[in-house]
Amino acid sequence: MQNTIEQAINFKEILADFVYSAEGELAIALESYAAEKSQKNSYGIKQQNLTVDLFITEGKVGEETPLEIFLKQEHNLNSEDIELIKLWQKNFIGLFEIKAIKGNCYQLMNWLTAKNYLVYGHSKIAEKETRRWQPGEIILTILAPINQREWFFFSDRIIKGKLSQPKLAVAIGEFRENYPDFLYADAPELLEQAWESVAVYHQEFIDFMGKERLTLPGYKLNQKIGELQEIMSQKRLADAGIDDSKSLSEMLSESGSSEAEFSETAKDLGIDEEAVSKIIKNKNKLSMVTPKVDLPPEIKQAESVTVFSHPRWGQMFLPNYEKFTNLLADENPETQENNNLFIHKYLEQPEANYYIWQQLKQQYPVTLEKLLQNYCNNNDFNLDTDLDKLLLKYNKPSNPQLPAIANVPVHLNNLFESAVAQVQKTKSKAKKKKKKGFS
């Protein structure tokens, strides 16, 4: 096995050199890819190495990846070499916890999906680095398959250390922001369920609110969202055949790994056979839960908040949206006070995504173009040809990323809830100490 590992890492280095030394379209594609990633990540040498290694399998030159181009141009590979390299189309980046270490072999768990991997080190990883690794530590890295069961470290490794639950939750949040396309890269079934849940949430929103866009005071909107989530939670449990007076997490934690064991445990808890059958039938759906939507203080306290709902973009909450549209409704918005402030705010804030700008463009094409010409100091700015380029500069791509309202795996939801509880407990203790000190 070790010979195969060393052969694999040797091919990987040849592949990386091929990308680094490339000219023409491949070089331009790498430069664009690296520039896009640098907007989200601090750009140290380890991060730079990760970006190039991601580009090998994720970058595009026309319709081909650099890996595919390499295989076409490299003629000194035998059939076994080619089959090994083709496996790397399954590469993915993840946030891994070291579960166990045995010699040069590591059992890692991808925190995004709770899937486990048998991963081998290699001679290009310095012993002084691996000597410091301990079970429980978190590593950001790219894994590549050697065969159907075993993997190796394809890239550099960014060691996060042993993280508390709040810090781990933050790290997962950063991963979601920096690598949205790899959120459930090794679990397409979870990704499919997550996207389905966004569409379901959107329909539930319309059924409850009466329309897909409305404006309310922040406190009222927060109350309505809470009521909607409670209705959705009860409906989901009922559809799965679960009595909401019982704890689902308790039932699942007490159950065995097989359906037969689960059925037996569920019956012991007093659930009838029909309910057990429904639970088993819906076991995949129960592997993910709807995260609680907790609106930030600036939304709750806002005098006016407009919320948009969409089956792909999710829910977007924009305070003072009406003030902006009132400005756009003016025939000469560029003469109004704070016009540039609104443009700047909507370009900067993530909530005003590509979808929101398309709504503004559709409703106020003339005045929006005037404001953007003024803001960009460019009288030739054209809404149809230049808006998308401008939005990309502000990290607003035309393809939606998985919204925060999407269902998440149970283990992640439990982590986030525990992390929030720990932070609140720490703040509570700090307040008590402060109060005692000044009493």
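The side chain of Gln234 makes a polar contact with the side chain of Glu230 at 2.9 Å, a polar contact being a pair of N or O atoms within 3.5 Å in which, within protein, one must be able to donate a hydrogen and the other to accept it, with residues adjacent in sequence counting only if both atoms are side-chain atoms. Gln234 belongs to helix α9 (residues 218-239); helices (H or I, at least four residues) and strands (E, at least two) are DSSP runs, numbered from the N terminus. The relative accessible area of Gln234 is 40%, so that the residue is partly exposed; buried means under 20%, exposed over 50%, and partly exposed in between (1.4 Å probe, protein chains only). The model is predicted: local features need pLDDT of at least 70, side-chain atom pairs count only at pLDDT 80 or more, and totals for chains, interfaces and linings use all residues. Residues are numbered from 1 along each chain as its sequence is written, and side-chain values use heavy atoms, with hydrogens and water left out.

A second glutamine, Gln47, lies in helix α3 (residues 45-58). Gln47 counts as buried, at 7% relative accessibility, and its side chain makes a polar contact of 2.7 Å with the side chain of Tyr179.

Helix α8 comprises 22 residues (residues 188-209), for which a rise of 1.5 Å a residue predicts a span of 32 Å; the expected span is 1.5 Å times one less than the number of residues. The end C-alpha atoms of α8 are 32 Å apart, in agreement with that expectation. The buried residues of α8 are Leu190, Gln193, Ala194, Trp195, Ser197, Val198, Tyr201, His202, Glu204, Phe205 and Met209. In general, an α-helix has 3.6 residues a turn, so residues three or four places apart point the same way. Gly210 follows α8 and has a positive phi, near 95°.

Within α8, Tyr201 has a relative accessibility of 1% and counts as buried. Neighbours within four places in sequence being left aside, Tyr201 is in contact (heavy atoms within 4.5 Å) with Ile225, Leu228, Gln229, Met232, Thr290, Val293, Gln315 and Ile405. Tyr201 and Pro311 are separated by 110 residues in sequence, while their C-alpha atoms are 7.7 Å apart in space.

Helices α1 (residues 2-20) and α4 (residues 66-73) pack with their axes 11 Å apart and at an angle of about 100°. Axes are lines fitted to C-alpha atoms, for helices over the stretch in contact, and angles run from 0 to 180 degrees between N-to-C directions. The two helices, α1 and α4, are therefore roughly perpendicular to each other, the class assigned to angles of 65 to 115 degrees, whereas those under 35 count as roughly parallel, those over 145 as roughly antiparallel and the rest as oblique. At this interface, Ile14, Leu15, Phe18 and Val19 of α1 meet Pro66, Leu67, Ile69, Phe70 and Gln73 of α4.

Positive phi values also occur at residues other than glycine. Ala114, in the loop between β2 (105-110) and β3 (115-120), has a phi of about 65° and is partly exposed, with a relative accessible area of 32%. Asn377, in the loop between α17 (365-376) and α18 (383-393), has a phi of about 55°; at 72% relative accessibility, Asn377 counts as exposed.

Zero disulfides (pairs of cysteine sulfur atoms within 2.5 Å) are found in a search of the whole structure. Cys105 is buried at 14% relative accessible area, whereas Cys376 is partly exposed at 28%.
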